[in-house]
Amino acid sequence: LLAEHILMKLAQKTEQPVVSLTQAALDALRAHHYSGNIRELENILERAATLCDGESIDAQDLALPQLSDDDASATVTPQTTGTQNLDQILDNEEAKRLVDALEQTRWNKTKAAKLLGITLRALRYRLEKYNIQ
């Protein structure tokens with residue numbers, strides 16, 4: 001129910017059709033160990049909804065890490081360097097690569113999406129996310 005609510009909120013926010021979860025995706029979400037809070041689930045679903053082809057999210061669209069039983073009980077201590085956290089570093093790198101692809105294709109969004117290996121829908125979402133115009 002929570003995942004469906006998040007997907008419905010996301011669809012309203014992005015003015016896109018609501019995507020559904022396949023049974024395999026639901027099973028994968030239930031089996032995933034969430035080290036973060038509800039934001040982790042929101043981020044997983046937002047990324048999957050953006051990257052999925054069609055109107056349903058399958059397990060592989062979730063891009064969840066595969067952990068062995070030994071890994072699931074392990075504790076990871078993050079090492080921080082500088083003032084940026086990993087999310088900020090990844091966001092900066094992603095935005096840079098988007099602009100690079102757009103410049104390489106003379107700002108042709110269809111060609112840039114193909115060059116990046118993502119859908120046009122995913123490219124539009126990311127451009128809006130990073131306020132790239």
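Biologist: So a helix here is a DSSP run of H or I with at least four residues, numbered from the N terminus. Where do Glu 93 and Arg 97 lie?

Modeller: This is a predicted model. Both residues lie in helix α6 (residues 86-104), four residues apart, which is about one turn of the helix. Their side chains meet in a salt bridge, 2.7 Å from N to O.

Biologist: Buried or exposed, that Arg 97?

Modeller: Arg 97 is exposed, at 52% relative accessible area. Glu 93 counts as partly exposed, at 34%.

Biologist: How many salt bridges in the count?

Modeller: Six. Another one within α6 joins Asp 100 and Lys 96, with the closest N and O atoms 3.1 Å apart.

Biologist: And which residue does Glu 94 pair with?

Modeller: Arg 126, with 2.3 Å between the closest N and O atoms. Glu 94 is in α6 and Arg 126 in α8 (residues 120-129), so the pair ties together parts 32 residues apart in sequence. Arg 126 is buried, at 14% relative accessible area, whereas Glu 94 is partly exposed, at 23%.

Biologist: Switching to the core. How many residues in the largest nonpolar one?

Modeller: It has 17 residues, and Leu 7, Leu 45 and Ile 57 are among those with the most contacts inside it. Helices α1 (2-14), α2 (23-31) and α3 (38-51) each supply at least two residues. The largest share, five residues, comes from α3.

Biologist: What else is Ile 57 in contact with?

Modeller: Beyond its neighbours within four places in sequence, its contacts include Val 19, Ala 25, Ala 48 and Cys 52. There is also a second, separate core of twelve residues, including Ala 95 and Tyr 130.

Notes:
Residues numbered from 1 in each chain as written. Predicted model: local features only at pLDDT ≥ 70, side-chain atom pairs only at ≥ 80, totals over all residues. Heavy atoms only, no water. Core = buried A, V, L, I, M, F, W, Y, C linked by side-chain atoms within 4.5 Å. Buried < 20%, exposed > 50% of the residue type's maximum accessible area, 1.4 Å probe, protein only. Contact = heavy atoms within 4.5 Å. Salt bridge = Lys/Arg side-chain N within 4 Å of Asp/Glu carboxyl O.
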